[in-house]
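Welcome! Let us take a short walk through a protein model and look at a few of its parts one at a time.

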Amino acid sequence: MRSQPFHRPVLVDQVLHYLIGRGEGAEEEAAGAPYLDGTVGGGGHAAAILARCPRCRVVGLDRDPEALAAARSRLADHADRVRLRRLSFAALHEDADLRVAGLAGALLDLGVSSWQLDRDARGFTFRQGALLDMRMDPDSALTAARFLREATRVELAASLRDGQAPRPAAIAARIVQRRTRRPPRTSDDLVAVLESVLARRSTHAEKARLFQALRIRVNDEIESLRAALPAIRDLLNPGATVVVIAYHSLEDRVVKRAFGDWSDPARRLPPRLPLPATALAPLGTTLTRKPVTPGAAEIAANPRARPARLRAWRRAA
Ligand SMILES: C[S@@+](CC[C@H](N)C(=O)[O-])C[C@H]1O[C@@H](n2cnc3c(N)ncnc32)[C@H](O)[C@@H]1O
């Protein structure tokens, strides 16, 4: 038995508010298209959607078979209204049924679950002795240790910089210098590199940023998000909403920019381009001018909710 829940879902009321509203209309909508939970994790948000809307169906995706097992057990009471599939949300187009049915709404709750973070064997943590794995999909070929062993110095520095790690160029150079003798294998090896560059003990925040940068690269998180957003938009039925919860500024920026571009396709084009009016018409509306963030009570109950930033966009009816 697990003593801790697999994952505590964040901003649940706000997700339901944007995705379903008070439920009016959702029932008729639900008879046709399902809701997509592209990051089903432990099934917390999916369970809330199914409870709020008793006739709705949910298609839940995850790259991680452990997450799907947890979701299957959490959602067992609604098994007839749930379809779970091991698939990256970046590969939505591979799901033929979704292409036919369209979507009543979609949710992406990005990043990793508490279960993944807390299991040393999954290698996301900087707790001592954890192997540098960090794969959300355990069948993917690229572990964090392999990336640190095989990437060029330039690739390492770019990934660490993109992921907002501290001192990216110096850390990349130190990894390359050390790895001929001893490639980093464990969290301790990577923390030792960080601390040799800083020439002091590292803070929790510095370690977190370094490990997060590596995780983002190993799982190709930003490119997956960039690929998924337009695919989801095109599957939304008229009037349906996509909700995205991001946990760092890099992914939040991608979401903000995509929603802004869809709401105002002309905004990035040079003025007076001879384009038909239809090419410039808004595809929908951004529902969140500013990102929605958790309140003090939610953060006190679940400190991991702190960085969450929710944005929502509705396709034109
Ligand atoms: C923050 S958790 C989601 C938790 C979930 N909302 C809940 O209520 O339990 C993020 C989940 O997304 C999954 N994930 C991350 N990137 C993914 C991708 N590209 N495709 C599918 N799943 C992904 C992770 O494996 C993880 O289980």
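What follows looks at a strand, two charged residues and a pocket.

Keep in mind as you read that this is a predicted model.

**A strand and its partners**

A good place to begin is strand β5, which spans residues 236-246. Eight of its eleven residues are buried, so β5 is largely enclosed by the rest of the structure. Which strands pair with β5? One partner is β4 (residues 103-109), which runs parallel to β5 and is joined to it by six bridges. Here you can find A106 standing opposite V242 of β5. Another partner is β7 (residues 309-315), which pairs with β5 in the antiparallel sense, again over six bridges. On this side, V244 of β5 stands opposite R311 of β7.

**Two buried charged residues**

Now turn to R122 and E221. Is each of them buried or exposed? The cut-off for buried is under 20% relative accessible area. R122 has a value of 7%, so it counts as buried. E221, at 8%, is buried too. The table puts them side by side.

| Residue | Where it lies | Relative accessible area |
|---|---|---|
| R122 | loop between α6 (114-118) and α7 (144-150) | 7% |
| E221 | helix α12 (residues 221-235) | 8% |

What surrounds R122? Setting aside neighbours within four places in sequence, R122 is in contact with several residues, including D64, E66, Q116 and D133. R135 is also one of its contacts. Although R122 and R135 are 13 residues apart in sequence, their C-alpha atoms are 7.2 Å apart in space. The side chain of R122 also reaches the backbone oxygen of M136, at 3.2 Å.

M136 comes up again with E221. Leaving aside neighbours within four places in sequence, E221 is in contact with G111, M136, R215, I216 and E251.

**The largest pocket**

Finally, look for the largest pocket, which holds about 780 Å³ of space. Its lining has 26 residues, and the closest to its centre are L117, A208, Q212, R215 and R304. You have already met R215, as a contact of E221. Which helix gives the most to the lining? That is α11, with seven residues. Helices α6 and α11 (204-218) each supply at least two lining residues. What kinds of residues make up this lining? Twelve are nonpolar, eight are polar and six are charged.

Conventions. Residues numbered from 1 in each chain as written. Predicted model: local features only at pLDDT ≥ 70, side-chain atom pairs only at ≥ 80, totals over all residues. Heavy atoms only, no water. Buried < 20%, exposed > 50% of the residue type's maximum accessible area, 1.4 Å probe, protein only. Helix = DSSP H or I, 4+ residues; strand = E, 2+ residues; numbered from the N terminus. Pairing = 2+ DSSP bridges. Contact = heavy atoms within 4.5 Å. Polar contact = N/O pair within 3.5 Å; in protein donor to acceptor, adjacent residues only side chain to side chain. 1 Å grid on protein atoms, 1.4 Å probe; cavity = no way out; pocket = protein on both sides within 12 Å on 5 of 7 lines; lining within 4 Å. Points joined across faces, edges and corners; volume = space filled by probe spheres on them. Nonpolar A, V, L, I, M, F, W, Y, C, P; charged D, E, K, R; others polar.
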